[in-house]
Amino acid sequence: MADINKIVDTLSALTVLEAAELAKALEEKWGVSAAAAVAVAGPAAAAAPAEEEKTEFDVILTGDGGKKINVIKEVRVITQLGLGEAKALVEGAPKPIKEGVNKAEAEKIKAQIEAAGGTVELK
């Protein structure tokens, strides 16, 4: 039981990005997907009223936080845009960086932009 508590404490300290990477690694290692785990838990979860969970997100750059150059560099990495296009996107904020991405990818992009100093909104 002490080992389980230690694992819970360690997992609780993970960032959203690290947790997403852990989930992906476990899916690959065990040959399963998170959807399979949800399907197993489905009957128990079905008892509660089901709210539709959003599965696709738009990542909207809302500002550069005064770190325009760093944010432009990250936008280029994420979008594969050229320097001019990335600069125009950052200077024209609020603008979408990526649209229709899954939650894990949206959180990853948000973390990257925020680490560079920018501000992001998920819709």
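This report describes a pocket and a nonpolar surface patch in a predicted model.

**The second largest pocket**

The second largest pocket has a volume of about 160 Å³. Its lining is made up of Leu17, Ala20, Glu21, Lys24, Ala104, Glu105 and Lys108. Two helices, H2 (16–30) and H6 (103–116), each contribute at least two residues to this lining. Helix H2 gives the most, with four residues. Sorted by class, the lining of the second largest pocket holds four charged and three nonpolar residues, and no polar ones.

**The nonpolar surface patch**

Helix H2 also takes part in a feature of the surface. A nonpolar patch of about 620 Å² is formed there by Ile7, Leu11, Leu14, Leu22, Leu26, Trp30 and Val32. Helix H1 (2–12) and helix H2 are the elements that provide two or more residues to the nonpolar patch. The largest share, three residues, comes from H2.

One member of the patch, Val32, is found in the loop between H2 and helix H3 (34–46). Val32 has a relative accessible area of 45% and is therefore partly exposed, since this class lies between the limits of 20% and 50%.

**Summary of the two features**

| Feature | Extent | Contribution of H2 |
|---|---|---|
| Second largest pocket | volume of about 160 Å³ | four residues |
| Nonpolar surface patch | about 620 Å² | three residues |

Helix H2 thus appears in both descriptions, giving the most to the lining of the second largest pocket and the largest share to the nonpolar patch.

Terms used:
Residues numbered from 1 in each chain as written. Predicted model: local features only at pLDDT ≥ 70, side-chain atom pairs only at ≥ 80, totals over all residues. Heavy atoms only, no water. 1 Å grid on protein atoms, 1.4 Å probe; cavity = no way out; pocket = protein on both sides within 12 Å on 5 of 7 lines; lining within 4 Å. Points joined across faces, edges and corners; volume = space filled by probe spheres on them. Nonpolar A, V, L, I, M, F, W, Y, C, P; charged D, E, K, R; others polar. Patch = residues over 30% accessible without salt bridge, like charges linked within 9 Å, V, L, I, M, F, W, Y side chains within 5 Å. Areas by Shrake-Rupley, 256 points an atom, 1.4 Å probe, with all protein chains shown as cover. Salt bridge = Lys/Arg side-chain N within 4 Å of Asp/Glu carboxyl O. Buried < 20%, exposed > 50% of the residue type's maximum accessible area, 1.4 Å probe, protein only.
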